[in-house]
Amino acid sequence: MRNNMWRTLTASRPITAAQFSYGRNFGNLARPQLFAWRISRLGPLRASRILSHSARCISSSAEKPSTIDDISQKSAISTEHLPVVSMDERKVSIGWDAQTWSRFHNMWLRDHCRCPHCFHPVTKQRLVNTFEIPTNIAPTRVAAMPDGLEVSWPGIQPHVSLYPWSWLQTNSYDPPMVNKDIKTEKILWGSKIEQSPPTMTYEEVMAEDEGGLFKWLSQIDQFGFCFVSGVPTTPEATEELSQRIGFIRQTQYGLFWDFTSDLAKGDTAYTTMALGAHTDTTYFTDPCGLQLFHLLSHTDGSGGATLLVDGYYVASILKELHPDAYDMLSTIPIPAHAAGEPSAFYRPNPPRGYPVLRRDPSTGELFQVRWNNDDRSVMSHLEPHNVEKWYKAIRAWHQCLTSPDSEYWVQLRPGTAVVVDNQRVLHGRSAFDGKRRMCGAYIGMDEYRSKLTVLREKFAADPMILANDNVPGSGRHIWHRAL
Ligand SMILES: [Fe+2]
Ligand SMILES: [Zn+2]
């Protein structure tokens, strides 16, 4: 079970800075003392970091997942501490101690065998044919070994599986024991972020060893945006900077954009108008992930300040002040369209779209904000009794979004690019005159997340990072917790 808890840190403003924490710290379960562990002693809520920014902190790296050191034979436990194992025609039971048992269905265990015949040690893909496993499969023998649970299966060719203890604890589902999700710390921020916004230099992020790149992506992961200063004021350098993260995502606006306010595309982005805080491409089923933009020049005029608003922070305020509105925005889908170009007509699938606040159904955790009131289509799917309530809810959202406590305004200058997580941080701008030349790109969310994970494997002493010592040269370990 996961705890969600808001804690107010200060009460000096109508919208306060607060702290958010969830998850439990189970410590390193794979140590021998595990067996003295009791479900009744599941660890304490972890206090998140308190930040200097006007901020909430969404936790985190709370759980210390098992490392490969724990998972592999290196952590084999002494025979006097071995768990008690038993079997019947449906399940295998493991007694971690007198009070704590896990049960695994026979079918589940057979399906999760990771011997080289059942799981490819290099590609990390299942080889076992799940559908050839007899539905009434039952072991002929189970045994507690120092390295893990050993299960012998019947068949023309008898088969033996070995499941590391730590892996079984991590993946125990009856009962669940460990929060398996690997979380990273999210720092929620308001207008005070202006005092020290996350910033990297071009030199750092382009450095060959990728240490700066890792720091850059980690900042984007924590804050939902990050500036890069000292970028050469050319589209070529900016494109190279974008590609440093991952593939550029091509859309109807092109691959890499380089544009002025000439309405070259049928979208208000290509005008000089002020734009309120929004996320891009709400009319896509999968909105663009990161957005990188860079003002290359602004001549013969002024204005055009950039607005950034942390959607996670604003959602947290809404949840506190208007819980009913928060629920409505989390459940009622919003259709959207991009129809300003004769050659394109975009709508999400399904056409009713998605809620403004998308939350994990099993945990309630917010994972995506999508909001562009200008691109919203007809709301003909609202229940009649909800129409006024829904307008009230989006008004409350709009008020929180446009509160001076939430809005971070910054005047970008040529040479400073910004990357924004388009599924968390909303952006906008003030009106301007004169001639501005902007360039930038979208980068896929999955590409960015993959790159960040790989860099964590390279640089971070993250417990998810598993050396491979099962088959030399085969990459990640077969018992990696994310597989
Ligand atoms: Fe935009
Ligand atoms: Zn096998």
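**Loops, cores and helix packing**

Lys124 sits in the loop that runs between α2 (106–111) and β7 (141–145). In this predicted model, Lys124 has a positive phi of about 60°, although Lys124 is not a glycine. Most residues other than glycine have a negative phi. As for its surroundings, Lys124 has 16 other C-beta atoms within 10 Å, and therefore comes out as partly exposed; the buried label would take 20 or more.

Thr281 makes a natural companion to Lys124. Here phi is near 55°, again a positive value in a residue other than glycine, and the place of Thr281 is the loop between β14 (275–278) and β15 (290–299). The setting is another matter: Thr281 has 25 C-beta neighbours inside 10 Å, so Thr281 counts as buried, whereas Lys124 is partly exposed.

Two cis peptide bonds also deserve a mention, given that most peptide bonds are trans. One joins Asp174 and Pro175, with omega at about 5°, and Pro175 lies in the loop between α3 (165–170) and β10 (186–189). Another runs from Asn349 to Pro350, where omega is near 0°. Pro350 is likewise a loop residue, found between α8 (323–331) and β17 (357–359).

Stepping back to the whole chain, there are 10 helices and 22 strands. Of the 483 residues, 36% are buried. Contacts in this fold reach well along the sequence: among those with a separation of 6 or more, 72% are between residues 24 or more positions apart.

The largest nonpolar core has 70 residues, and the members that touch the most others are Phe225, Leu290, Val309 and Trp397. Helix α7 gives this core its largest share, 6 residues. Val309 shows what such a position looks like up close. Leaving aside residues up to four places away in sequence, Val309 touches Ala277, Val314, Leu401, Ser406, Glu407, Tyr408, Val425 and Leu426. A second core, separate from the one around Val309, has 14 residues, among them Trp153, Tyr163, Trp165 and Ile478.

Next come the helices themselves, starting with α7 (residues 311–321) and its partner α8. Their axes come within 5 Å and cross at roughly 130°, so the pair is oblique. On the α7 side the contact is made by Ala315, Leu318 and Lys319, and on the α8 side by Pro323, Ala325 and Tyr326. By type, that contact holds 5 nonpolar residues, 1 charged and no polar ones.

α8 also packs against α9 (residues 387–401), this time at an angle of about 105° and with the axes 9 Å apart. The two helices are therefore roughly perpendicular. Ala325, Met328 and Leu329 of α8 meet Lys389, Trp390, Lys392, Ala393, Ala396 and Trp397 of α9. The tally for this contact is 7 nonpolar, 2 charged and, once more, no polar residues. Some names recur here: Ala325 takes part in the contact with α7 as well as in the one with α9, and Trp397 of α9 was already met as one of the best-connected members of the largest nonpolar core.

The burial pattern of α8 goes along with these contacts. Its buried residues are Ala325, Tyr326, Met328 and Leu329. They cover an arc of only 165° around the axis, so they sit on the same side of α8. That side packs against α7, β17 and α9. The face turned away from the buried side carries the exposed residues Pro323, Asp324 and Thr331. Pro323, though exposed, still has a part in the contact with α7.

Helix α6 (residues 235–243) offers a second example of one-sided burial. Thr238, Glu239, Leu241 and Ser242 are its buried residues. Viewed down the helix axis, they fall within an arc of 155°, and so line one face of α6. The cover over them includes α4 (202–206) along with the strands β12 (225–229), β13 (256–259), β15, β20 (417–421) and β22 (435–443). One of these strands, β15, also bounds the loop that holds the buried Thr281.

Notes:
Residues are numbered from 1 along each chain as its sequence is written. Chains are lettered from A and ligands numbered from 1 in the order in which they are written. This is a predicted model: local features need pLDDT of at least 70, side-chain atom pairs count only at pLDDT 80 or more; totals for chains, interfaces and linings use all residues. Helices (H or I, at least four residues) and strands (E, at least two) are DSSP runs, numbered from the N terminus. A residue is buried if 20 or more other C-beta atoms lie within 10 Å of its own, exposed if 12 or fewer, and partly exposed in between; C-beta atoms are placed from the backbone. Axes are lines fitted to C-alpha atoms, for helices over the stretch in contact, and angles run from 0 to 180 degrees between N-to-C directions. Angles under 35 degrees count as roughly parallel, over 145 as roughly antiparallel, 65 to 115 as roughly perpendicular and the rest as oblique. Two residues are in contact if their C-beta atoms, placed from the backbone, lie within 7 Å. Ala, Val, Leu, Ile, Met, Phe, Trp, Tyr, Cys and Pro count as nonpolar, Asp, Glu, Lys and Arg as charged, and the others, Gly among them, as polar. A nonpolar core is a set of buried Ala, Val, Leu, Ile, Met, Phe, Trp, Tyr and Cys residues joined through C-beta atoms within 7 Å. The arc is that of the directions from the helix axis to the C-beta atoms.
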